[in-house]
Structure formats: structure tokens, C-alpha cells
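Hi there,

Here is the structure I promised to pass on to you. Have a look at it first, and my notes on what turned up follow below.

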Amino acid sequence: MRPARRPLLSPAATARPSALLAPGRRAVLAGLVGAGAAAFLGTGTAVADAGAPGPGGDTLLIKAFADAETERKRLARSLRASDFIPTGRYARPGTPVTVTVRPAGDAVPTLHIGTHDGYNPDTTIRRPRPYPLRPGRNTVTDAHGGPVYLSFAGHGQAATVTFGADTARMAAFELGRTDEATFQRQLDEITDVPWVELTSGHAILTLTREGALLYRGEDHTALMRLFDTVIESHARISGLDGSGPLDKPKAGRYVFHEVSVVPSGVGAFAWHGYNGFPRAYMDRLCTVDGLANRGWGLYHELGHLHQQGAYQADQLTEVTVNIYSLAAQRTLGQPTNLLTVDPKTGLNYYQTALAKLGTPGLAYEKSFGAYERLVPLRQLELAFGEDFWPKLHQLVRAEHQDDAPVEDYTNDPVINGRQYLALASYASRVAGHDLTDFFVHKWALPIDAAGVDALAALKLPQPPVDPSTLTD
């Protein structure tokens with residue numbers, strides 16, 4: 001599978017977990033020293049020299065963890081997620097930022113300036129610009145400016161990062177550390193910084209100031225707890241139960257950015273490192289009621305960052321992603337979208353899809369709509385238990401540790417055929433039953449005769465119940 005070299009889209013109409021040190025902690029790691037060096041990368045310059053932190057600067061104690069690509073491989077995912085650490089700081093365009101780094105070992109963090117904005121006409125600001133830091137004092141100047149993040153690849157090494165007193169602060173809310181009154185005061189007082197950031201143990205939500213002010217009256221503690229709940233639901237359905245090294249939740253947070261532009265008809269999107277949401281989606285992104293009851297678009301886009309490429313055929317990209325969306329709905333106590341009734345027909349997706357089974361010329365990719373194609377994936381859970389997909393994710397992780405990241409869509413029938421067969425094979429092995437009839441004869445997946453032989457070679461018994469008859 002090779003999804004397009006552009007964000008994966010969700011239609012506009014669609015209307016654990018890791019425990020990291022919160023980088024907002026004010027602390028000094030005693031005994032750390034640094035040597036001078038220089039580095040240049042990105043739009044602007046980063047220059048390092050030995051020296052003490054400037055007066056009035058705040059010091060963050062951070063710990064290293066696995067970088068995004070290492071985690072993508074471990075989790076056998078299609079897309080990289082994020083390894084960003086929020087700082088609550090903002091770099092003004094063309095204005096130097098001083099950063100003093102004192103590492104306890106050989107690992108040194110990288111500074112990033114800017115936000116993800118994948119469709120911005122200005123290609124230089126479509127992603128944050130990285131600036132490798134050196135031990136000691138660094139001076140970083142970015143032509144465009146923006147929110148400041150750190151990444152720190154390693155295995156638990158510690159470092160202190162001190163920002164100079166001249167580094168601007170954003171209005172920032174940190175779950176468990178910032179009370180609502182303090183955040184509201186920041187929104188009133190910090191009027192010259194165009195970005196606002198909210199963080200939790202699992203999420204970084206970066207909004208324009210204008211976007212944040214639209215919903216400033218929300219309970220932000222409840223909102224960020226809800227983000228964590230959704231993220232945890234995706235971790236559970238992914239089998240990230242901490243039972244082994246491959247099954248630990250992803251290191252670091254997930255990133256959600258307000259973006260300036262999306263293509264016509266697009267409500268939100270996902271790509272390497274982040275989920276992007278335009279201003280039109282703010283009523284679901286930034287409100288407790290919206291995210292809890294109408295947040296399918298976010299559940300869906302976050303799902304793209306959890307998909308595994310081993311069985312992600314081209315036409316499954318927008319289908320398997322909703323395994324995670326349905327899991328979020330169940331966690332939040334929502335009725336499943338599969339039971340949504342079409343007012344024109346009076347039928348839900350189960351009813352319209354199951355009526356087609358066994359009809360002449362049936363083809364999975366052509367005969368069913370996107371939600372109808374999701375029905376057999378839910379039926380596997382109904383037949384073999386709610387731990388079906390967690391176990392399948394764990395099996396895939398055990399067998400796929402070196403897959404390349406997703407870059408482009410492909411309609412190559414050979415590649416797609418392999419991935420459909422992989423889905424059927426993994427599903428049969430996890431279920432412990434021969435699912436050839438279910439996948440090939442009932443749902444008409446494009447699996448050829450050689451694929452049928454490969455499934456038969458597993459020598460599994462027939463299932464005690466026909467999964468294709470089951471509904472919520």
C-alpha cells in the first residue's frame with residue numbers, strides 16, 4: 001500500500017498509554033556541563049557557544065525517548081506519528097531565540113519552530129523547521145517564527161533546556177498543572193503571540209489565537225482529558241497493553257494542529273507527524289460536547305496514525321482506519337455509525353450491505369460503500385471477541401519490523417492482492433478458523449486462486465458461526 005504523497009483525507013461531511021515527563025516542569029539538573037559548537041539547518045540559523053543561561057530564563061528538564069521513525073517501525077505502522085515535546089514558547093519571525101542545553105550524556109535535543117500546515121501555498125512553512133542544538137548556549141533565528149518544540153531521541157537520557165528571558169511565552173494550558181483561571185488570564189494578557197497551545201499526557205493541541213478564543217469558555221481540563229480518552233481507545237484496539245516490548249504504547253504525544261487551508265470538500269486530514277484541522281472543524285475539535293459526541297472526524301484522522309501497512313490495500317485505507325473510530329465511539333458510549341439509518345431508505349449500513357451478499361458479480365471494492373466495507377471488519381469482532389483486533393495488531397507487529405513508511409498510493413493489483421490476502425491470513429490465524437468463505441465467497445475480496453490455496457494451507461477448521469450474519 002502506498003497512499004498518496006499528500007495527507008490522507010476525511011470528507012468535510014464527516015462531520016496506556018505513554019507516561020512522559022511533562023516538559024513544563026521547572027527544574028535544574030545539577031552537574032550538567034556543555035561544550036560549544038555550531039549548526040545550521042532550516043529557514044534561519046542556529047549557533048551554539050559555551051555559556052550560562054541568561055537571567056530570567058526558564059529551565060525545562062526533559063528525558064529522551066524513541067524517535068518517531070523508530071516507533072513507526074516498532075508498531076508496524078504506515079505513518080510516523082510525532083516525537084515533539086511542547087515548550088510553551090514562541091519564536092518571533094526573524095528574532096533570535098537563545099537556548100542553553102546541558103545534557104547529562106551524549107544525547108542532545110533538537111529544536112523545532114513552526115507548525116504543520118500541509119496545504120499551505122508557501123511550501124517553506126508546511127512543517128516545523130528543525131535546528132539541531134549543541135551543548136551550551138545556542139542562538140536560533142527562524143525567518144517565519146512559530147511555536148517552539150523539542151525532540152530528544154534516545155533511551156532515557158536527561159538534559160536541561162533553558163530559554164532566554166527574551167523568548168516569548170504562548171498562552172498555554174497543561175492538563176493537571178494549569179488551572180482554568182490562569183489559562184484565561186494568559187489569553188487576556190498574551191495578545192501579541194498568534195498561537196495558543198493545550199497539552200495533556202498524550203496530546204499537543206496547537207491553535208491560532210483566533211481559533212482558541214472562539215471556544216475559550218470550554219472546560220479545558222475536561223477537553224484535554226477527553227483527548228487522552230480518545231487516544232487511549234486507539235491504543236487499546238491496537239493491542240498496546242504493555243505486555244511486551246513491541247506492545248508498549250507509542251512514546252511521546254500525538255499532535256493536532258489548526259491549519260490555514262484544506263482542499264475543497266475536506267474536513268480534516270492526516271499525514272506523517274500530525275492531524276490537521278481547519279477553522280471549520282473547531283466546533284468539534286475544541287468543545288467537550290463536539291469532541292465527545294460529534295468527533296468522528298478526529299477519531300478517523302487519529303486512526304490513520306495507527307494503521308498498519310501490512311494489510312492496508314489501496315481501497316482499504318479509508319476503511320481499516322475506522323476500526324479505531326468505532327473503538328472511540330464504543331469508549332465514549334456513542335451508538336455505532338454502522339447503525340446510522342439512511343432517511344431515504346430507512347436502512348442502516350448492515351442492512352444495505354448484507355442484502356448484497358451472494359448477488360451476481362459482487363466485488364468488495366466496487367459493490368459496497370465505505371461504511372458497508374467496514375461491516376465485515378466489525379463482524380470479525382462480533383464473531384471472535386473484542387480482543388480480535390488487538391491480537392491481530394500484536395501479530396503484525398511481531399512479523400513486521402522493517403516495513404517502509406507510506407509515501408504514495410498504488411493501484412498495483414499484485415501489491416493490493418498481497419495485502420488483501422494478508423488481511424485474510426492474519427484474520428484467520430487470530431480467529432483460529434478458516435475464513436476463506438467469509439472473505440472470498442461472502443464479501444468478495446479480490447483474493448485469487450493462489451491466495452485461496454494459501455489460506456487452505458493454514459489447515460484451520462471452519463468457524464462455528466458464519467461471521468457474515470452478525471450485526472450490532
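Let me start in the sheet: strand β16 (residues 254-258) pairs with strand β18 (residues 274-277) in the parallel sense, over three bridges. Within that pairing, Phe 256 has Asn 275 of β18 standing opposite. Please keep in mind throughout that this is a predicted model.

Strand β16 itself is largely enclosed by the rest of the structure, because five of its five residues are buried. Its side chains go two ways: Tyr 254, Phe 256 and Glu 258 point to one side, while Val 255 and His 257 point to the other, and all are buried. On another pairing of β16, the partner is β15, again in the parallel sense, with four bridges. There, Tyr 254 in β16 stands opposite Ala 203. Tyr 254 also has a charged visitor: the charged end of Lys 250 sits over its ring, 4.8 Å from the ring centre.

Following the sheet onward, strand β15 (residues 203-208) is joined to β14 by five bridges, and these two run antiparallel. Together β14 and β15 form a hairpin, with three residues between them. Thr 206 in β15 is the bridge partner of Glu 197.

Glu 197 has a bridge partner in another strand as well, namely Ala 172. That contact belongs to the pairing of β14 with strand β13 (residues 171-174), which is parallel and has four bridges. The connection is also worth a look on your screen: β13, helix α2 (residues 180-189) and β14 make a right-handed β-α-β unit.

How much of strand β14 (residues 195-199) is buried? Five of its five residues are, so to speak, under cover: the strand is mostly covered, with each of the five counted as buried. Trp 195, Glu 197 and Thr 199 point one way from β14, and Val 196 and Leu 198 point the other way.

Now to the aromatic rings, which may interest you for your own work. The count comes to 16 aromatic pairs. One of them is Phe 277 with Tyr 281: the ring centres are 5.2 Å apart and the planes stand at 35°, so the pair is tilted. Phe 277 is buried, with a relative accessible area of 0%, and Tyr 281 counts as buried too, at 2% relative accessibility.

A second pair to look up is Tyr 364 with Tyr 420, which is edge-to-face, at 6.2 Å centre to centre and 80° between the planes. What does this pair tie together? Tyr 364 lies in helix α11 (residues 364-367) and Tyr 420 in helix α14 (residues 413-431), so the pair links parts that are 56 residues apart in sequence. Both partners are on the inside by the numbers: Tyr 364 is buried at a relative accessible area of 2%, and Tyr 420 is buried at 0%.

Finally, the rings lead back to the strands. Phe 227, Phe 256, Phe 277 and Tyr 281 form one aromatic cluster. Phe 256 is the residue of β16 that stands opposite Asn 275 in β18, and Phe 277 is the partner of Tyr 281 in the tilted pair.

Happy browsing, and do write back with any questions.

Best wishes

Definitions and conventions: Residues are numbered from 1 along each chain as its sequence is written. This is a predicted model: local features need pLDDT of at least 70, side-chain atom pairs count only at pLDDT 80 or more; totals for chains, interfaces and linings use all residues. Side-chain values use heavy atoms; hydrogens and water are left out. Rings of Phe, Tyr and Trp (its six-membered ring) pair if their centres lie within 6.5 Å; planes under 30 degrees apart count as stacked, over 60 as edge-to-face and the rest as tilted. Buried means under 20% relative accessible area, exposed over 50%, partly exposed in between (1.4 Å probe, protein chains only). A charge sits over a ring if NZ of Lys or CZ of Arg is within 6 Å of the ring centre and within 35 degrees of the ring normal. Two strands pair if DSSP finds at least two bridges between them. A crossover is right-handed if, with the strands pointing away from the viewer, the path from the first strand over the helix to the second runs clockwise.
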